[in-house]
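Visitor: Please choose a single part of this structure and take a close look at it with me. I should like to follow the reasoning step by step.

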Amino acid sequence: MVDMQREEWLSLMLSELPDRLLIIDEHGRIVDSFGEATQSNPELTNKYLKRTFSEILPENLAENLQHHFKQALTSGQRKTLQYSMTPCQQLLLSIEELEAWNGVDERWFEASLKPITLASGATYVLWQEKEITKAHLHQVELKKLAETEELTGILNRRAFMLRLEREFDSPTQQHLSCLMIDIDHFKEINDQVGHLSGDEVIVQVAHICQGLIRSSDYIGRLGGEEFGVVLSRTNAIQAYDIAERIRHSIETTPCQVDDHIILPTVSVGIAELNGHVSSVRELMVQADKAMYYSKQTGRNQVTLYYENLPDIKSTTELKANIRRAS
């Protein structure tokens, strides 16, 4: 009687677990499932039983989960991982079950894998899984806030430098070019039209730059009116064409603030990461020197860094292009 009562209690506790608990044999087959999530949709749970990950999930996701499963099984140690799933990755879901996702594009999960060995010598893995979508999205938002420059929405200086450091240390990095972009006569814009107008120009320049680079590239505000752009898999000649498009687009896009029309221009310097560049700092110093050469020789132009690039003091005095709006 006591044993029956104990079994009933264990069954009840397992069914009320807030997380999903899968029992997976050494061949990767799901042999049983417990938890509140299992009880809420027993029909779906039954579809998973006696199947492997490769039979219920797309190949790339199944291989990833199977890899961690084998690691836990081989090491005999508890392992934790996080992964995401989209509705289209749920190969066994019916139309009604897909609709139950209520428009959610992606769900995140955290799983704890604990290998166990029975007295018979049979080996299993306890796969305890819980959904962490809200926590993951919150973490993503915090990371974005920590990395984003408030005015423009692009990377701040710290995030830009950290990302460039990772690029520099990557053994697979082949070509990379760095652009330094500085708004010409920015102090004059602030003095004549006001600091809020200067902010509008900064935002417009940032958005133009971002709109003309690829998703694999990135831009950061390095301070004041200066920006950095990193172009991955791009040599200096290719970077020059992109920089010219950026320069021309900024020059020909009016920025209207109240009753003023500002036609900003930028000076751009380019340096390419190659075998002669020993650090991120050296790469940025080269791009910065090329950018200052653009400023010293007339502004509103693009300069490629080269080893003997001279320092030239400009005698040309250009003025910010600000007009009264009609």
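Guide: A residue counts as buried when its relative accessible area is under 20%. Glu 129 has a relative accessibility of 13%, and therefore it counts as buried. Please keep in mind that the model before you is predicted.

Glu 129 is a good place to start, for it forms a salt bridge with Arg 20, in which the closest N and O atoms are 3.5 Å apart. Arg 20 belongs to strand β1 and Glu 129 to strand β5, so this pair ties together parts that lie 109 residues apart in sequence. Arg 20 has a relative accessibility of 18%, so it also counts as buried.

The residue before this strand deserves attention as well. Asp 19 sits in the loop between α1 (2-15) and β1. Asp 19 is buried, yet it has no salt bridge: Lys 130, the nearest side chain of opposite charge, is 5.6 Å away. A salt bridge requires a side-chain nitrogen of Lys or Arg within 4 Å of a carboxyl oxygen of Asp or Glu, so a distance of 5.6 Å does not qualify. The side chain of Asp 19 does, however, make a polar contact of 3.2 Å with the side chain of Gln 128.

Let us now place these residues in their sheet. It is an open sheet of 5 strands with antiparallel pairing, in the order β2-β1-β5-β4-β3. Its edges are formed by β2 (30-34) and β3 (79-85), each of which pairs on one side only. On average, neighbouring strands are turned by 25 degrees against each other, with direction ignored. Strand β1, which covers residues 20-25, pairs with β2 in the antiparallel sense over 4 bridges. Within that pairing, Ile 24 stands opposite Ile 30 of β2. Helix α5 (residues 59-75) packs on this sheet, where it touches β1, β3, β4 (107-117) and β5 (123-131), and its direction makes about 170 degrees with that of β3. In a regular strand, side chains alternate between the two faces of the sheet.

For comparison, consider another open sheet of 5 strands, which has mixed pairing and the order β7-β8-β6-β11-β12. Here the edge strands are β7 and β12 (302-304), each pairing on one side only. The twist from one strand to the next averages 20 degrees. Helix α8 (residues 157-169) packs on this sheet and touches β6, β7, β8 and β11 (266-273); its direction makes about 130 degrees with that of β7.

Strand β7 (residues 218-223) is largely enclosed by the rest of the structure, because 5 of its 6 residues are buried. Strand β7 runs antiparallel to strand β8 (residues 226-232), and 5 bridges join the two. Among the facing residues, Gly 220 has Gly 228 of β8 as its bridge partner. Together β7 and β8 form a hairpin with 2 residues between them, and Gly 224 in the turn has a positive phi of about 55 degrees. On another side of the pairing, 7 bridges join β8 to strand β6 (residues 176-183), again in the antiparallel sense.

To return to the starting point, the salt bridge between Arg 20 and Glu 129 belongs to a structure in which a full search finds 12 salt bridges.

Notes
Residues numbered from 1 in each chain as written. Predicted model: local features only at pLDDT ≥ 70, side-chain atom pairs only at ≥ 80, totals over all residues. Heavy atoms only, no water. Pairing = 2+ DSSP bridges. Axes fitted to C-alpha atoms, helices over the stretch in contact; angles between N-to-C directions. Contact = heavy atoms within 4.5 Å. Buried < 20%, exposed > 50% of the residue type's maximum accessible area, 1.4 Å probe, protein only. Lys, Arg positive; Asp, Glu negative; His and termini not counted. Polar contact = N/O pair within 3.5 Å; in protein donor to acceptor, adjacent residues only side chain to side chain.
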